[in-house]
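Below are some notes on this model, set out point by point for reading beside the coordinates. They deal with helix packing, with a few loop residues and with one pocket.

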Amino acid sequence: MRARYGVPLTLTAVGAAGLAYAAGFEVRSFRLRRVTVPVLPRGMRPLRVLQVSDIHMVGGQRKKQRWLQSLAGLRPDFVINTGDNLSDPEGVPETLDALGPLMEFPGAYVFGSNDYYGPKLRNPARYLIERVQGRHGLNGNAPAVGVVHNPWEELRDAFDAAGWVGLSNSRGRLKLEGIEIALTGLDDPHIKRDRYAEVAGGPESGADLSLAVVHAPYLRSLDAFTADGYPLILAGHTHGGQLCIPFYGALVTNCDIDTDRVKGLSTHTATGRTSYLHVSAGCGTNRYTPVRFACPPEATLLTLTARD
């Protein structure tokens, strides 16, 4: 018995324990990432930016709602929402309830594919296969058929009513006690809604700082923003890999960025220029894969400081 079944039974037990941890604990173990980015002009006071991403709200996720509400206690200068707020067509009221305290602060947003469309049940192994084949989203796969349409317009209207600036293939500005932040955003490259030609031209003159915002950090978007001279790009989408290997990291990114930059602060270089890139691992999951392993859910408080 030991020789024939001992190892398989042990592996099964370890796998079951890991799944229970990933689904029962880590997926609700919310964290705050803190990073400092030196991108401001000399002499300018530091700015605190709260980035929330990939909430993927499903009805009944009370702990997530309370945690998001509590982030208002950080008193950020402004909030950036990098999309994928929904994972349930009925989740708009709970999403707005969770974000309500944050909507009291200046903010801006872009949408991701899951704001527009409901998720579909997929074999998680397909993400590994698509990575090997170089296929991601609609950038290499057939268009989605028979998908559920989410009521994203309700989210947009509520964000706009709160004064948040919509950045889907558009530009906008935030004014903060005499400081002007120029923002340039794209709609989601994961489903080919990005139209960089509509916002090309680089940072705006007269602004104290220009930032770039996009949901999915596809290389074409990062290249365009960096070549145009944006000092900092904010993105989400990757879930940090979601199911990672301890001491190794992510296996997939669900886009064409490399796994070394699947989450956190890094840099991106294009045409001889370099930008800072921050990718949020997000605080939710697709409703059909409600697990995280070695990649806890998060939001990020970025402190922007003066350049050296």
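1. Helices and strands are DSSP runs, a helix being H or I over at least four residues and a strand E over at least two, and they are numbered from the N terminus. With that in hand, His 239 can be placed in the loop between β9 and β10. Please keep in mind throughout that this is a predicted model.

2. His 239 has a phi near 60°, which is a positive value in a residue other than glycine. The residue counts as buried because its relative accessibility is 8%, and buried means under 20%. His 237 also lies in the loop between β9 (232–235) and β10 (264–270), and its phi, near 80°, is again a positive value in a residue other than glycine. With a relative accessible area of 5%, His 237 is buried.

3. In the loop between β7 and β8 sits His 190, which at 9% relative accessibility counts as buried. Which side chain makes a polar contact with that of His 190? The partner is Tyr 218, at 2.6 Å. Leaving aside residues up to four places away in sequence, His 190 touches Ser 113, His 136, Gly 137, Leu 138, Asn 139, Ala 216, Tyr 218, His 237 and Asn 254, so that His 237 from the previous point appears here as a neighbour of His 190. Between His 190 and Leu 32, by contrast, the C-alpha to C-alpha distance is 26 Å, with 158 residues separating them in sequence.

4. Asp 187 is found in the loop between β7 (179–185) and β8 (209–213). Is this charged residue buried or exposed? At 5% relative accessibility, Asp 187 counts as buried. Its side chain makes a polar contact of 2.9 Å with the side chain of Tyr 116, and another, of 3.0 Å, with the side chain of Arg 193. The residues that Asp 187 touches, not counting those up to four places away in sequence, include Phe 111, Ser 168, Asn 169, Asp 194 and Val 214 as well as Tyr 116 and Arg 193.

5. Helix α6 spans residues 152–161, and Leu 155, Ala 158 and Phe 159 are buried in it. Seen down the helix axis, these buried residues fall within an arc of 100°, and therefore they line one face of α6. The elements that cover them include β3 (78–81), α3 (92–99), β4 (107–109) and α4 (113–116). Just after α6, Gly 163 takes a positive phi of about 95°.

6. In α3, the buried residues are Val 92, Glu 94, Thr 95, Ala 98 and Leu 99. Why can they be said to share a side of the helix? They cover an arc of only 165° around the axis, and this puts them on the same side of α3. They pack against β2 (47–52), α2 (62–70), β3 and α6, so the packing of α3 and α6 can be read from either helix, given that α3 is also among the elements covering α6.

7. Helix α7 (residues 219–227) has Ser 221, Leu 222, Ala 224, Phe 225 and Thr 226 as buried residues. What they pack against is a set of strands, namely β7, β8, β9, β10 and β11 (273–279). Just after α7, Gly 229 takes a positive phi of about 95°.

8. Leu 40 belongs to strand β1 (residues 31–40) and is buried, its relative accessible area being 0%. Apart from residues up to four places away in sequence, Leu 40 touches Arg 45, Pro 46, Leu 47, Leu 209, Leu 304, Thr 305, Ala 306 and Arg 307. Leu 40 and Pro 231 are 191 residues apart in sequence, yet their C-alpha atoms are 8.9 Å apart in space.

9. Last comes the second largest pocket, whose volume is about 220 Å³. Its lining is made up of 16 residues, and those that lie nearest its centre are Val 27, Arg 28, Gln 61, Lys 64 and Pro 290. Sorted by class, the lining has five nonpolar, six polar and five charged residues.

Note on methods:
Residues numbered from 1 in each chain as written. Predicted model: local features only at pLDDT ≥ 70, side-chain atom pairs only at ≥ 80, totals over all residues. Heavy atoms only, no water. 1 Å grid on protein atoms, 1.4 Å probe; cavity = no way out; pocket = protein on both sides within 12 Å on 5 of 7 lines; lining within 4 Å. Points joined across faces, edges and corners; volume = space filled by probe spheres on them. Nonpolar A, V, L, I, M, F, W, Y, C, P; charged D, E, K, R; others polar. Buried < 20%, exposed > 50% of the residue type's maximum accessible area, 1.4 Å probe, protein only. Arc of directions from axis to C-beta. Contact = heavy atoms within 4.5 Å. Polar contact = N/O pair within 3.5 Å; in protein donor to acceptor, adjacent residues only side chain to side chain.
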